[in-house]
Structures are given as structure tokens and as C-alpha cells.
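Work through the exercises below with the model open beside you. Try each task before you read its solution.

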Amino acid sequence: MPNTALRSAPPPPEPKHRAERMARFRRDVLAGLSARPRSLPSLYFYDAWGSRLFQRIMALPEYYPTRCEREILERHSGRIAASIGGGPATVVDLGEDAGEKTRVLLSRLAGSRCLAYAPVDVSPAALREASARVRREWPAVEVVPVEGEYAEGLRWLRNREENGTLLVLFLGSNIGNLERRQAVSFLRELRLALRPRDQVLVGLDLVKDPIFLQRAYDDAAGVTAAFNLNLLARLNRELGADFDLAGFQHRATFDPARPAMESWLVSRRQQTATVAGERFTFRAGEAIHTEISCKYREQDLAHLAWESGFEEVGRFLDSRRWFADVLWRAGGGGR
Ligand code: AVJ
């Protein structure tokens, strides 16, 4: 087997981890539904069908983040590319599946240098797609799919010396799904898996007139509603639950104090559902919290970098100042 194929292989699959993830899924769901207010982790939106619905959300006229970030990357990829120097580099893609925006950046980086692309994902299907797309478009780019969660994937990548400089992408406001404090601990952990010259590019959605937020998270065509309700459909499919999807309604609210958009599934009537053998009763109007999408203020970005232990290298905004991609260097200091 040629050496490159060997190096491109994902780490040995560990069925133990998959079984663990399934057990955790069940545990998380039962714990969330038993809590008050009830909640379900947004992490579980993305089964195969949920990922397709999210693709459709990104194409909605109301869902501005995708277009804002594409504008940013089209305008600033050159500067981002220059910031990582000319040596060998690896673009680590956390959860973007080599989507269009990642490819805007890759087209600037590929060709001119020795480049590797490492998607990290728990979903083998997502990894296959991301890898195939990049291999097709840039045959010279070495593709290193890493099956696993972000932290374990990064630890594995850090130990590969041939990676050169890492540029870790966490685009699309994915970090918005974490509470501010959790986001900081996530970023700090991320930084610990990096060497001083490595960089991260993080997409953050900015505070704006709530009317645009409301429309983006409750679109006219009902795609976001379907995306939210798919969470219950997934419990039906994978945990033997018996939710009546017609008995729940999508709701999106803006909390200016956080500030964040929040998504809920509201029970239209009193009803019961069985999940993994446990019975749950929902009152009419009772809401299950399914997602938080934090919005950041421009003036908080420097502090966020500092708290997370990074050095700010660049800050790129779209023309409306609705979205920001921040470029941070891991640096040597520690906080
Ligand atoms: C994928 C987490 C960035 O919060 O905007 C879109 C998910 N939820 N519409 C977001 C989502 C409802 C999205 N992220």
C-alpha cells in the first residue's frame, strides 16, 4: 500500500466509541426529557435527514449566516491564506463537511503549497462526502478523514508531525450552539490541542435587529420547523419512541439578555410519549428546549479571544456587519 494511502486512513475504527455514543445518546435524551424545563441536545439534530434539512436551511432567503460568511471568505481568503505562512499546512474542518464555504478557502490554499484536508466528524457518511468532494476538486490535496469527536480528533491530528501548520475551521456559527461559558471552555480545550503557530478560524453570528433573527429561525417555508421536529422523528426511529409529530409545534424566540435565539418544540395538547421504554407526559403548551444559537457583539470579540487563550490575528466581517469570522493564533502563553 502506498504510504499516502496509509497516512490518509482514518484512525482504526473503534466500535467501542460508537457503542458509547449510542448509549450516551439514549442517556442524554432521557435526562433531557426528565429535566424541567425539558430539553434535547441540539447535537442530535444531525442524522442523515437532519443534515439534509440543514442544507435546505442554508439555502433559505431568510437564513443570512451562510451568505454573510460566504461573502467574508470570498473577500478575505487571501489574507487568511497568507497568515498561515508558506510551509505545509493542514486545514482541519470541524463539522462543515467541506461545504461551499470551506471550499472557497481551500481553492485559495490548494495548488500553491503542500496541503492536507482533515475533516473531523462522528458521522462516517459526512466524512465520506467531505473527503470525496475535496479529492474530486483538488486531487493534489491529501485527505485525512478523522472519525471521532472534535477533541479526540484534534489530539490525534496534533500528533502527526507531517501536518505542518494547522488551520482549524469552526465555521457557520456552529459555536453558537454552546452557551458562552461552554464556548470558552471548548475553545480553551481546542487551544490545548494546538501548537503555538496553529490558528483557528471561528464563525460567529453577530447581534442584529431581532426581526431578522426571528425570520431566520422561523422561515416562511417551514424548513426550520421540519428541522426541529426531525429531532422527535429521530427519537422515534432510533430509540423506539412514539412521538406524534403533529402534536408538536416549532417555536423560535429571541432572548436579548443572553443574547441568543432559542428553539423549542411546544406540545399542542396534553399528551404522552414513550421513549426507550420510559413514559413522558407533556402538558398543553409545554415546551421542550432544543437549541440555543448565541449571538455575539462586535465589542465582545477581543475579550472572547483573550478568555479562550488565543491571540487575535484578524477579524473579518460582511458588509452589513451581521457575521464575523475571527482568525486566532494559538500562541505560546497560557491562561
Ligand atoms: C448549524 C448551529 C449554526 O444555530 O444557526 C439553523 C443551526 N438552527 N436554524 C444555527 C440552525 C436553526 C445553526 N447552526
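The exercises cover a sheet, a strand, cavities, loops and some backbone details.

This is a predicted model, in which local features need pLDDT of at least 70, side-chain atom pairs count only at pLDDT 80 or more, and totals for chains, interfaces and linings use all residues. Residues are numbered from 1 along each chain as its sequence is written, and side-chain values use heavy atoms, with hydrogens and water left out.

**Exercise 1. Work out the strand order of the open sheet of 3 strands, and find its edges.**

Step 1. Fix the terms. Helices (H or I, at least four residues) and strands (E, at least two) are DSSP runs, numbered from the N terminus. Two strands pair if DSSP finds at least two bridges between them.

Step 2. Read the order. The sheet runs 7-8-11, with antiparallel pairing.

Step 3. Find the edges. Strand 7 (248–255) and strand 11 (287–294) each have a single partner strand, so one side of each is left without a neighbour in the sheet.

Step 4. Check the twist. On average, neighbouring strands of this sheet are turned by 20 degrees against each other, direction ignored. Axes here are lines fitted to C-alpha atoms, for helices over the stretch in contact (heavy atoms within 4.5 Å), and angles run from 0 to 180 degrees between N-to-C directions.

Step 5. Inspect one pair. Strand 8 (residues 260–267) and strand 11 are antiparallel over 7 bridges. S263 has E291 of strand 11 as its bridge partner.

Step 6. Add the helix. Helix 9 (residues 210–217) lies across strand 7, strand 8 and strand 11. Its angle to strand 7 is about 155 degrees.

**Exercise 2. Decide whether strand 6 is buried or exposed.**

Step 1. Set the cut-offs. Buried means under 20% relative accessible area, exposed over 50%, and partly exposed in between (1.4 Å probe, protein chains only).

Step 2. Count. In strand 6 (residues 199–205), 7 of the 7 residues are buried, so the strand is largely enclosed by the rest of the structure.

Step 3. Split the faces. In a regular strand the side chains alternate between the two faces of the sheet. Here Q199, L201, G203 and D205 point one way, while V200, V202 and L204 point the other way.

Step 4. Find a partner. Strand 5 (residues 165–170) pairs with strand 6 in the parallel sense over 4 bridges. V168 stands opposite V200.

**Exercise 3. How many cavities of 30 Å³ or more are there, and what lines the largest cavity?**

Step 1. Define a cavity. On a 1 Å grid over the protein atoms alone, it is a set of points where a 1.4 Å probe fits but cannot get out; lining residues have an atom within 4 Å of a point. Grid points are joined across faces, edges and corners, and a volume is the space filled by probe spheres set on the points.

Step 2. Count. The structure holds 3 such cavities.

Step 3. Take the largest cavity. Its volume is about 200 Å³. Its lining has 19 residues, and F54, Y63, Y217, E291 and S293 lie nearest its centre.

Step 4. Assign elements. Helix 3 (48–58), helix 9, helix 10 (223–238) and strand 11 each give two or more residues to this lining. Helix 10 gives the largest share, 3 residues.

Step 5. Sort by type. Ala, Val, Leu, Ile, Met, Phe, Trp, Tyr, Cys and Pro count as nonpolar, Asp, Glu, Lys and Arg as charged, and the others, Gly among them, as polar. The lining divides into 8 nonpolar, 10 polar and 1 charged.

Step 6. Turn to the second largest cavity. It has about 50 Å³ of space. Its lining includes F54, Y63, E96, K101 and N174.

**Exercise 4. Place G95 and list its contacts.**

Step 1. Locate G95. It sits in the loop between strand 1 (89–94) and helix 5 (100–109).

Step 2. Check exposure. G95 is partly exposed, at 23% relative accessible area.

Step 3. List contacts. Leaving aside neighbours within four places in sequence, G95 touches V120, D121, Y150 and N174.

**Exercise 5. Which peptide bonds, from R36 and from R258, are cis?**

Step 1. Recall the norm. Most residues other than glycine have a negative phi, and most peptide bonds are trans.

Step 2. Read omega. The bond from R36 to P37 is cis, with omega near -10 degrees. The bond from R258 to P259 is also cis, with omega near -20 degrees.

Step 3. Add phi. S173, not a glycine, has a positive phi of about 65 degrees. S173 is buried, at 9% relative accessible area.

Conventions:
On a 1 Å grid over the protein atoms alone, a cavity is a set of points where a 1.4 Å probe fits but cannot get out, and a pocket is an open set with protein on both sides within 12 Å along at least five of seven lines; lining residues have an atom within 4 Å of a point.
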